[in-house]
There are 2 protein chains.
Amino acid sequence: MKSRKSTIHDVAEQLGITASTVSRALSGNDRISQKTKEKVLKVAAELNYQPNRLASNLRTGRGNSIGVVVPRINRNFFSNVISGIESVTNPAGYNIMICQTNEEHENEVRSLQTLINNQVDGIIMSVSANTMNTSHIQKALDESIHIVQFDRVSNELDISKVVNDNLMGGYEVTRHLIEQGYKRIYHFAGPMHLGVYHDRYLGYMKAMNEAGMKVSSDMVFADILTRMQGLETTQTLYKSGMLPDAIFAASDFSALGVLTALKEFGISFPKEIGVAGFANEPFTELTDPGLTTVEQFSERMGQEAAYLLIAEIEGLKEDIEHQTINIKPELIIRQSTYEN
Amino acid sequence: MKSRKSTIHDVAEQLGITASTVSRALSGNDRISQKTKEKVLKVAAELNYQPNRLASNLRTGRGNSIGVVVPRINRNFFSNVISGIESVTNPAGYNIMICQTNEEHENEVRSLQTLINNQVDGIIMSVSANTMNTSHIQKALDESIHIVQFDRVSNELDISKVVNDNLMGGYEVTRHLIEQGYKRIYHFAGPMHLGVYHDRYLGYMKAMNEAGMKVSSDMVFADILTRMQGLETTQTLYKSGMLPDAIFAASDFSALGVLTALKEFGISFPKEIGVAGFANEPFTELTDPGLTTVEQFSERMGQEAAYLLIAEIEGLKEDIEHQTINIKPELIIRQSTYEN
DNA sequence: TTGTAGGCGTTATCAA
DNA sequence: TTGATAACGCCTACAA
């Protein structure tokens, strides 16, 4: 029985009243008598009435939904952020619509447009690696869409952001390596045009400088993000006899590659060499040795971003400046750098 | 400048024609002259016109969106499935709205309702561990909502499903263990009321029976899903001197617990004992020893589910029976069971 | 080929 | 407190 879904008109007819009265009864409007309200609720339940959000949203101009744009859904970091977002938005009555860009600028532009066309109340996003300009985001802002960025943010945009304190993370890892007595410490960095990786690099530089340890350009390798890249770079270093005392990789995946390569060569951790990654991916505690890394509190990032966005949407902070929440990371020390 | 967004009426006014003509020009209707069509498109672009999907959907009764309900977004398996779904639905013009149930029946009921109220065209779902009855799903079906289930499905429902051939997976793992010469093989099962785990158990039984190996009730442990549960159960076995030759765990996480516990006791793999898991979680190739497991092709599951659902939505198979797609898993042999 | 008119289901405004 | 009316933006018979 594919019975047409009942509307407020059906409820109204049943009771011999008008749709507006039913609407008031259902929406918690107080300009209604307790008695009719009860009757309406009763009949609505009987008819299995379910509000049509589309109609409601069209009328009110609000969508009760929030868009999320991420590079990849099935990355541990991003799926945790999404989980965090959802844990805040859902209780607050918002649905989330998710788009993934696969790191493509073009997809990001399209995703944003799609979400806007669907009248989302706001958007939480992390830019893709290939996003070099932000005109599409600016355009959305011009249409007064609320946007909050997290993790990979655009410094030139005046909007709220939630970021990890990557500089601090990079600094703490490097200082830990220095404290462990490693002298010649290399850095396997990510794409430097992304702030998150640039900041980790800056943290590395800061710690090295503070310790009076010189960093020459052959000690920093850019664009080493994947396991394979970490592995190959390490192999090259080994073959040319240029292995350092320690390697701080800006990504757990490249650190894993480093680990794999060094194990092949029979090098022992943390004695002969120290290795640290970044992100505290689940696998880092399972490698042999366990990988020293940095926890980013991804779920909390999502929650904070959601709080910020909802506050903006609901006008709880009309004239307050956009703010940037800086989440402090935490150094996780394991056997790849520390003998216990 | 928070200029009101332009509508087809704005475009129409600009050109001195009516909104319906604009609508036709924009929607690819052929009852329109090439000339006006071009003019409309030009002005639409100038005014930065963007269709309001809400209005369009309300009018047409179709939402161009698909709901996804999963126990947890940030589980590797589910985020991969979602990624697979998204890779099919997005190019086809559907957005996905995601809800997570956190394994709670109550949340599942609410999620379903929310999606329906938002007029999704269909729903792809995997039931939560605590979902014991399916009346909420049946109710949605009665309202002629298209639903496709994946992985954790409800056998009593006559709808399309995408499942992993868990029986085959369990069978192949167990047969592999038998072929490796292990005699006394235990099974750490999941919650038996979930078909996926029950089937893996049946696969285990089938292989054991075929090989003429008796299975007594003290060889099968139910509800061992987490790392901690696997660890503690193994410790208990060890302390009572009851360790088997091999353990087939229905979950990679519990297998990991087994591995951890046995390593503590200094037991060697695969010689003294063999361990196998299920799901090919990313960490399984990183443990020491690498963990033998079963690949489920999660991303493909998502794609297949999306194809099925879209076919139903778009009426491409009006009177065809609901079908169940059985995805063949693949045994991944690693050092926890195999010396190379 | 284009315009007219009405409605999708809801809510907001006004009047009663 | 309730009803009548209109409108959110779009689409689609039907008429012209």
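Biologist: In β11(B), what is the bridge partner of B:Val162?

Modeller: B:Ile325 is the bridge partner of B:Val162. Before we go on: this is a predicted model, where local features need pLDDT of at least 70, side-chain atom pairs count only at pLDDT 80 or more, and totals for chains, interfaces and linings use all residues. Residues are numbered from 1 along each chain as its sequence is written, while chains are lettered from A and ligands numbered from 1 in the order in which they are written.

Biologist: And how many bridges does β5(B) have with strand β11 of chain B?

Modeller: In general, strands of a sheet pair through backbone hydrogen bonds, either parallel or antiparallel. Here, pairing takes at least two DSSP bridges between two strands. The names are DSSP runs numbered from the N terminus: helices are H or I with at least four residues, strands are E with at least two. β5(B) and β11 (residues 324-327) are parallel, with four bridges. β4 (residues 146-150) of chain B also pairs with β5(B), in the parallel sense over three bridges, and there B:Gln149 stands opposite B:Lys161.

Biologist: How many residues of strand β5 of chain B are buried?

Modeller: Count neighbours: a residue is buried if 20 or more other C-beta atoms, placed from the backbone, lie within 10 Å of its own, exposed if 12 or fewer, and partly exposed in between. For β5 (residues 160-164), five of five are buried. B:Ser160, B:Val162 and B:Asn164 cover one side, with B:Lys161 and B:Val163 on the other.

Biologist: In what order do the four strands of the open sheet in chain B come?

Modeller: Read across: β7-β6-β8-β9, with parallel pairing. At the edges, β7 (220-221) and β9 (274-276) each pair on one side only. β8 (residues 246-249) and β9(B) share three bridges, and B:Phe248 is partnered there by B:Ala276. Helix α8 (residues 166-179) lies across β6 (185-188), β8 and β9 of chain B, at about 170 degrees to β8(B). For that angle, axes are lines fitted to C-alpha atoms, for helices over the stretch in contact, and values run from 0 to 180 degrees between N-to-C directions.

Biologist: How many residues does the contact take from chain B and from chain A?

Modeller: People often give the size of an interface as the accessible area lost when the parts come together. Here we count residues instead: 36 from chain B and 36 from chain A, with contact meaning C-beta atoms, placed from the backbone, within 7 Å. Chain B's side gets two or more residues from each of α4 (53-60), α5 (76-89), β2 (95-100) and α6 (105-117). It holds 14 nonpolar, 15 polar and seven charged residues. Nonpolar covers Ala, Val, Leu, Ile, Met, Phe, Trp, Tyr, Cys and Pro; charged is Asp, Glu, Lys and Arg; the others, Gly among them, are polar. The β2 strands of chains A and B pair antiparallel over three bridges, and A:Ile96 faces B:Ile98.

Biologist: Which residues are the closest to DNA strand C?

Modeller: A:Thr7, A:Ser20, A:Asn52, A:Ala55 and B:Thr21, out of 25 that surround the strand. Near means a C-beta atom, placed from the backbone, within 6 Å. α4(A) supplies the largest share, five residues. By class, this surface has nine nonpolar, 13 polar and three charged residues.

Biologist: And which residues come nearest to DNA strand D?

Modeller: A:Thr21, A:Arg59, B:Thr7, B:Ser20 and B:Ala55, of 25 around that strand. The class split there is nine nonpolar, twelve polar and four charged.

How values were computed: Two residues are in contact if their C-beta atoms, placed from the backbone, lie within 7 Å.
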